[in-house]
Amino acid sequence: MKEAKRLGEMAKKKVEAKIYERAIAERKSALMVNEDESISEFINQTAVQSVQKEVALLEKKLMEVNADANTMG
């Protein structure tokens with residue numbers, strides 16, 4: 001029973017990591033638009049900074065989840 005619970009927690013951490021990875025990739029993709037010089041004047045820099053902060057937070061959570069998963073396995 002204890003082993004099943006541990007394996008369930010490990011699976012949960014793997015899924016959580018995938019969700020964070022996908023969210024980070026989506027936000028970084030959105031930030032790529034900001035690098036296009038031809039439209040940079042139309043980009044809301046405050047929104048860009050907000051997304052950058054969100055990416056940093058997601059990366060921190062991803063590192064925590066990966067660290068938890070490593071200690072379980």
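**Notes on a two-helix model**

1. Let's start at the front end. Arg 6 and Glu 3 pair up through their side chains in a salt bridge, 2.8 Å from N to O. Keep in mind while reading that this is a predicted model. Both partners sit in helix H1, three residues apart, which is about one turn of the helix. Neither side of the pair is hidden away: Arg 6 has a relative accessible area of 30%, so it counts as partly exposed, and Glu 3 is partly exposed too, at 43%.

2. Now the overall layout. The protein chain has two helices and zero strands. H1 covers residues 2–32, and H2 takes in 45–72. Of the chain's 73 residues, 18% count as buried. The chain exposes about 5800 Å², with carbon and sulfur atoms supplying 57% of that area.

3. Do the helix lengths add up? For H1, 31 residues at 1.5 Å a residue should span 45 Å, and the end C-alpha atoms are indeed 45 Å apart, so the two figures agree. For H2, the 28 residues should span 40 Å, and the end C-alpha atoms come out 41 Å apart, which also agrees.

4. Next, how the helices cover each other. The buried residues of H1 are Met 10, Lys 13, Ala 17, Tyr 20, Ala 23, Ile 24 and Leu 31, and H2 is part of what covers them. Turn it around and the buried residues of H2 are Val 48, Val 55, Leu 58, Leu 62, Val 65 and Ala 69, with H1 among their cover. The contact statistics are worth a look here as well: of the contacts in the chain with a separation of 6 or more, 77% are between residues 24 or more positions apart.

5. Which residues make up the largest nonpolar core? There are ten of them: Ala 17, Tyr 20, Ala 23, Ile 24, Leu 31, Val 48, Val 55, Leu 58, Leu 62 and Val 65. H1 and H2 each supply at least two residues of this core. As background, nonpolar side chains tend to be buried together in soluble globular proteins. For a close-up, take Leu 31: leaving aside residues up to four places away in sequence, Leu 31 touches Val 48, Val 51, Gln 52 and Val 55.

6. Lys 13 deserves a point of its own. Is this H1 lysine buried or exposed? Its relative accessible area is 14%, and the cut-off for buried is under 20%, so Lys 13 is buried. Not counting residues up to four places away in sequence, its contacts are Val 65, Asp 68, Ala 69 and Met 72. Two of those names, Val 65 and Ala 69, are on the list of buried H2 residues.

7. What does the charged end of Lys 13 do? The side chains of Lys 13 and Asp 68 meet in a salt bridge, 3.4 Å from N to O. The pair links distant parts of the chain, since Lys 13 is in helix H1 and Asp 68 is in helix H2, 55 residues away. Asp 68 is partly exposed, with a relative accessible area of 35%, whereas Lys 13 is buried. The two side chains also show up as a polar contact at 3.4 Å.

8. A neighbouring position is handy for orientation. Ala 67 is found in helix H2, and its C-alpha is 9.6 Å from that of Lys 13, although the two are 54 residues apart in sequence. With a relative accessible area of 39%, Ala 67 is partly exposed.

9. There is another cross-helix pair to check. The side chains of Arg 27 and Glu 54 meet in a salt bridge at 2.7 Å, N to O. Arg 27 lies in H1 and Glu 54 in H2, so this pair ties together parts that are 27 residues apart in sequence. Arg 27 counts as partly exposed at 24% relative accessibility, and Glu 54 does too at 33%. Salt bridges that share partners join Glu 26, Arg 27 and Glu 54 into one network.

10. Last, the tally. Searching the whole structure turns up six salt bridges. Among them are the Arg 6–Glu 3 pair, the Lys 13–Asp 68 pair and the Arg 27–Glu 54 pair.

Notes
Residues numbered from 1 in each chain as written. Predicted model: local features only at pLDDT ≥ 70, side-chain atom pairs only at ≥ 80, totals over all residues. Heavy atoms only, no water. Helix = DSSP H or I, 4+ residues; strand = E, 2+ residues; numbered from the N terminus. Expected span 1.5 Å × (residues − 1). Buried < 20%, exposed > 50% of the residue type's maximum accessible area, 1.4 Å probe, protein only. Contact = heavy atoms within 4.5 Å. Core = buried A, V, L, I, M, F, W, Y, C linked by side-chain atoms within 4.5 Å. Areas by Shrake-Rupley, 256 points an atom, 1.4 Å probe, with all protein chains shown as cover. Salt bridge = Lys/Arg side-chain N within 4 Å of Asp/Glu carboxyl O. Polar contact = N/O pair within 3.5 Å; in protein donor to acceptor, adjacent residues only side chain to side chain.
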